[in-house]
Amino acid sequence: MRKIKDFIKDKKIDLKKLKEFGFKLIDNSYYYHTFLLKNQFKMTAKINLDNSIFTEIIDTETNEPYVLHLLEMKRNGYSEKVYKEYSEVLEKIKKKCFEDEIFKANYTKEIINYIKNKYGDELEFLWEKSPKNAVVRRKSSNKWYVVLLTISKRKISLNSDEIIEIINLHNNPEEIKKLIDYKKYFPAYHMNKKHWCTICLDGTVELEKIYKKIDISYELAK
């Protein structure tokens with residue numbers, strides 16, 4: 001079997017949907033079988049729980065592995081047909097069995113769930129050149145009250161190139177002055193520093209405290 005690189009980057013497996021699609025669990029991996037070009041080839045897809053995916057195509061007449069569809073420079077009309085059906089199967093698997101997972105930090109995931117459950121609001125990805133940045137708006141006013149970003153620590157004056165996820169939240173200027181300590185709370189990255197502040201989503205500030213500040217930000221977005 002051959003591993004497919006970057007096929008499901010920034011996505012996570014939905015095990016329920018995987019089973020609904022037809023995958024079977026065998027020895028901690030999920031397997032799916034289908035046929036291509038009117039049963040001339042048998043295709044197998046194997047997905048591991050770490051999101052790695054492997055595929056294999058077998059010529060049903062010879063029972064030998066078929067690989068010409070993988071050789072882009074040598075594809076002819078026939079191998080191109082195999083590749084087309086093979087790619088269609090993979091796209092269906094990606095669409096039906098995986099969800100977007102742009103943000104990786106557990107804190108960020110908890111915050112996204114909190115916002116969905118309490119306010120029913122979804123992330124908006126507004127910037128094509130910054131696909132790992134999102135905003136959340138209050139429906140009644142269409143104003144932002146949460147901004148989630150993926151940046152280097154150095155961009156908020158920390159001495160490290162580590163990539164982290166942060167949240168920008170709205171608050172009143174007096175409270176922001178009290179909060180900013182360059183350890184837990186930072187001047188808002190890329191936003192109005194008088195009205196917004198930044199928190200690293202790495203456990204520095206407890207989730208419950210962040211939730212309360214999200215609620216304040218929501219109220220200020222009237």
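Which residues does Val146 touch, not counting residues up to four places away in sequence? In this predicted model, the place of Val146 is in strand β10. The residues that Val146 touches, with those up to four places away in sequence left out, are Ile115, Ala134, Val135, Val136, Ile167, Asn168, Leu169 and Ile214. Val146 has a relative accessibility of 0% and therefore counts as buried, since the limit for that class is under 20%. Val135 and Val146 are eleven residues apart along the chain, and their C-alpha atoms are separated by 5.7 Å.

Helix α3 was examined next. The 14 residues of α3 reach 20 Å from the first C-alpha to the last, close to the 20 Å expected at 1.5 Å a residue. Buried in α3 are Tyr107, Thr108, Ile111, Ile112, Tyr114, Ile115 and Tyr119. These residues cover an arc of only 160 degrees around the axis, which puts them on the same side of α3. The cover over the buried residues of α3 includes β9, β10, β11 and α5. On the other side of the helix, Asn106 and Asn117 are exposed. Just after α3 comes Gly120, whose phi is positive, at about 70 degrees.

Helix α5, which is part of the cover over α3, consists of residues 207-220. At 1.5 Å a residue, its 14 residues should span 20 Å, and the end C-alpha atoms are indeed 20 Å apart, so the expected and computed values agree. The buried residues of this helix are Leu207, Ile210, Tyr211, Lys213, Ile214, Asp215, Ser217 and Tyr218. Of these, Ile214 is also one of the residues touched by Val146.

A further helix, α2, is formed by residues 77-97. With 21 residues at 1.5 Å each, α2 should span 30 Å, and the 30 Å between its end C-alpha atoms agrees with that value. Its buried residues are Ser79, Val82, Tyr86, Ser87, Val89, Leu90, Ile93 and Cys97. Because they cover an arc of only 160 degrees around the axis, they lie on the same side of α2. The face turned away from this buried side carries the exposed residues Gly77, Lys81, Lys84, Lys92, Lys95 and Lys96. Among the elements that cover the buried residues of α2 are β2, α1, β4, β5, β6 and β8.

Attention then turned to the loops beside strand β10. Lys139 is placed in the loop between β9 and β10. With a relative accessible area of 60%, Lys139 is exposed, because the limit for that class is over 50%. Apart from its neighbours within four places in sequence, Lys139 is in contact with Tyr119, Gly120 and Asp121. Between the C-alpha atoms of Lys139 and Lys222 the separation is 9.2 Å, although these residues are 83 residues apart along the chain.

Asn142 is also placed in the loop between β9 and β10. Most residues other than glycine have a negative phi. Asn142, however, has a positive phi, near 65 degrees. Ser157 is found in the loop between β10 and β11. The phi of Ser157 is positive as well, at about 70 degrees, although this residue is not a glycine. At 61% relative accessibility, Ser157 counts as exposed.

Pockets were considered last. The largest pocket holds about 350 Å³ of space. Its lining is made up of 13 residues, with Lys12, Asp100, Ile112, Lys116 and Leu123 nearest its centre. The elements that give two or more residues to this lining are β8 and α3. Helix α3 gives the most, with four residues. By class, the lining of the largest pocket has five nonpolar, one polar and seven charged residues. Ile112, one of the buried residues of α3, is thus also among the residues nearest the centre of this pocket.

The second largest pocket has a volume of about 220 Å³. It is lined by 13 residues, of which Trp127, Asn133, Leu149, Tyr189 and His190 lie nearest its centre. Strand β10, which comprises residues 143-152, gives the most to this lining, with five residues. The lining of the second largest pocket has seven nonpolar, five polar and one charged residues. Strand β10 thus contributes to this lining, holds Val146 and takes part in covering the buried residues of α3.

Technical notes: Residues are numbered from 1 along each chain as its sequence is written. This is a predicted model: local features need pLDDT of at least 70, side-chain atom pairs count only at pLDDT 80 or more; totals for chains, interfaces and linings use all residues. Side-chain values use heavy atoms; hydrogens and water are left out. The expected span of a helix is 1.5 Å times one less than its number of residues. Buried means under 20% relative accessible area, exposed over 50%, partly exposed in between (1.4 Å probe, protein chains only). On a 1 Å grid over the protein atoms alone, a cavity is a set of points where a 1.4 Å probe fits but cannot get out, and a pocket is an open set with protein on both sides within 12 Å along at least five of seven lines; lining residues have an atom within 4 Å of a point. Grid points are joined across faces, edges and corners, and a volume is the space filled by probe spheres set on the points. Ala, Val, Leu, Ile, Met, Phe, Trp, Tyr, Cys and Pro count as nonpolar, Asp, Glu, Lys and Arg as charged, and the others, Gly among them, as polar. The arc is that of the directions from the helix axis to the C-beta atoms. Contact means heavy atoms within 4.5 Å.
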